[in-house]
Amino acid sequence: MRGILASSIGVTCAAALALPLAPPATAADARPASTAGAATRAAGAARPDVPGSTQSLSLGPLTRDRASGAAVLGLAPRAVRPFSLLGVVWDDPAAELHGRVRVRTRAAGTGAWSGWRDVETHYADHVADPGSAEGAADGVRGATAPLWVGESDGVEIRVQPEPGEGEDEGAGADGFGGGESGAGEFGVGEPGVGDDSVLPSGLRLELVDPGDEAPEGPRIGVMSAEATAASAANSALAPLGALEIPALDGERTRQEYLTLYGAELTAQQRAEPYIGPRPAIVTRRGWGADESLRKKRFVYTGKVKAAFVHHTASGNNYECAQAPSLVRGFYRYHVRSLGWRDVGYNFLVDRCGRIYEGRAGGVAKPVKGAHTMGFNTDTMGIAVIGSYGSRKPSSSAVKAVARLTAWKLGLHGMNPRAKTYLKSAGGNLYRKGKKVRLNVISGHRDGFNTSCPGGKLYKKLGTARATAARYQGR
């Protein structure tokens with residue numbers, strides 16, 4: 001129930017296929033205007049030039065689990081505006097969704113319905129630290145991991161609570177308790193006994209259209225103030241408005257390193273800097289970030305002492321050419337649906353090994369992310385796009401992680417094969433204030449009790465450490 005489950009189940013409910021689709025969701029189905037999320041939506045609605053959109057749909061009772069009597073919430077099959085990524089959110093960010101979330105979607109254009117797919121429900125560990133300004137901000141919500149489904153215009157979803165102690169799963173042929181899609185012991189929309197006694201309150205389905213607009217070039221004169229600021233944070237590495245920070249060879253990287261940090265370095269560090277060649281990095285402008293979505297101010301931490309490796313748990317059904325769309329989708333989901341200040345990760349890597357700038361503030365700078373609860377200070381977060389519980393990451397992705405860490409950790413004098421001490425800000429493995437000895441390149445599960453970054457990717461971290469150290473010349 002708690003593993004990474006992103007593969008197609010391949011079970012189709014014939015009765016659901018025969019149901020007429022509900023009309024597309026309208027803008028009226030939104031959160032109260034008092035929430036931060038609604039304010040952001042209102043701003044987006046007032047700007048038709050902003051690429052992408054988010055539909056937010058309330059989940060209601062569909063049927064009741066035969067074994068436990070608990071309500072199964074969700075949505076009957078319905079037509080919606082086109083979207084490509086989805087997730088479920090709820091009101092209390094501290095609450096957990098103890099249950100199973102399954103969805104199926106209708107492909108835009110073909111009209112074909114997918115099989116049922118599981119959505120990873122445990123995502124509360126990819127967040128800002130407890131008690132931090134970002135973690136305590138108004139409008140922050142609990143959420144599942146996002147799931148990439150490709151361009152779709154129809155959706156059906158079911159959320160089934162986990163059985164209590166001593167209860168049977170009681171799943172039917174489609175993996176749920178009782179009744180057909182959209183009907184059961186009580187009708188769609190009718191309240192059942194204990195509907196909200198098990199699942200978190202305020203469950204909503206978020207359907208994200210990441211937009212397909214991408215900049216054609218710098219066009220400095222038409223950049224917004226926010227876009228200019230995000231680009232200027234990388235001004236020491238690339239021209240204003242650049243779509244990519246270019247790769248450098250080892251010697252040019254060392255020269256750049258001495259230019260940036262020479263006054264702060266010891267004589268030995270200047271004579272023999274251990275730093276890997278700078279890899280090419282797609283900038284936020286390069287992947288099409290709408291800079292009006294995020295908070296304006298950049299937040300920095302101290303020295304980057306460690307890198308935490310994650311996976312996005314969003315499934316592997318994407319082409320590398322689609323990766324910028326996925327990054328835009330994660331960004332919009334994190335900011336508009338979850339209430340974060342920006343995308344949580346500092347960097348993202350696709351399966352072809354391309355590296356993307358994440359949270360704004362400058363790729364060479366110690367930008368504070370929201371990626372590993374309890375350990376966002378003095379660290380960076382790298383997310384490999386995909387789900388790697390049962391599927392091996394590509395060698396290109398592992399190599400990209402090694403290249404990125406060899407360079408970024410090298411800027412801060414860190415050895416990828418070494419260990420370091422970090423102070424916990426609180427989590428389910430280490431109490432607040434405890435000093436923890438961790439690998440300089442760690443997996444998310446090393447700092448928090450989670451399956452992230454997936455067993456298959458986690459097993460490759462030793463290779464990434466050795467390769468990164470070699471790139472540094474160690």
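Start by selecting I385 in this predicted model and displaying its surroundings: leaving aside residues up to four places away in sequence, I385 touches T312, S314, Y318, A323, L326, V327, F330, L348, V349 and D350.

Next, widen the selection to the core in which I385 takes part. The largest nonpolar core has 72 residues, and I385 is listed with F347, L348, I382 and W407 as those with the most contacts inside it. If you then colour helix α8, residues 395-411, you will have picked out the element that gives the most to this core, with 10 residues. A second core of 23 residues is separate from this one, and L57, V80, F83 and L207 are among its members.

Return now to Y318, one of the residues that I385 touches. R351 lies over the face of Y318, at 4.8 Å from the ring centre. For another arrangement of a charge and a ring, select R445 together with Y458: the charged end of R445 sits over the ring of Y458, 4.7 Å from the centre of that ring.

The aromatic rings make the next stop, where a search of the whole structure finds 4 aromatic pairs. Select Y257 and Y261, whose ring centres are 5.9 Å apart and whose planes are at 50°, so the pair is tilted. Both residues belong to helix α4, residues 250-261, and they are 4 residues apart, about one turn of the helix. Y257 and Y261 are both buried.

Which geometry do the rings of W287 and Y331 show? With their centres 5.5 Å apart and their planes at 80°, the pair is edge-to-face. W287 lies in helix α6, residues 284-287, whereas Y331 lies in helix α7, residues 323-337, so the pair ties together parts that are 44 residues apart in sequence. W287 and Y331 are both buried as well. To complete the aromatic stop, select F308, F375 and Y430, which form one aromatic cluster.

Finally, keep helix α6 on display and add helix α3, residues 225-232, whose buried residues are A227, A230 and S231. Looking along the axis of α3, you can check where these residues point: they cover an arc of only 95° around the axis, which puts them on the same side of α3. What do the buried residues of α3 pack against? Their partner is α6, the helix in which W287 lies, and with both helices shown the tour ends.

Conventions: Residues numbered from 1 in each chain as written. Predicted model: local features only at pLDDT ≥ 70, side-chain atom pairs only at ≥ 80, totals over all residues. Heavy atoms only, no water. Core = buried A, V, L, I, M, F, W, Y, C linked by side-chain atoms within 4.5 Å. Buried < 20%, exposed > 50% of the residue type's maximum accessible area, 1.4 Å probe, protein only. Helix = DSSP H or I, 4+ residues; strand = E, 2+ residues; numbered from the N terminus. Contact = heavy atoms within 4.5 Å. Phe/Tyr/Trp six-rings, centres within 6.5 Å; stacked < 30°, edge-to-face > 60°. Lys NZ or Arg CZ within 6 Å of the ring centre and 35° of its normal. Arc of directions from axis to C-beta.
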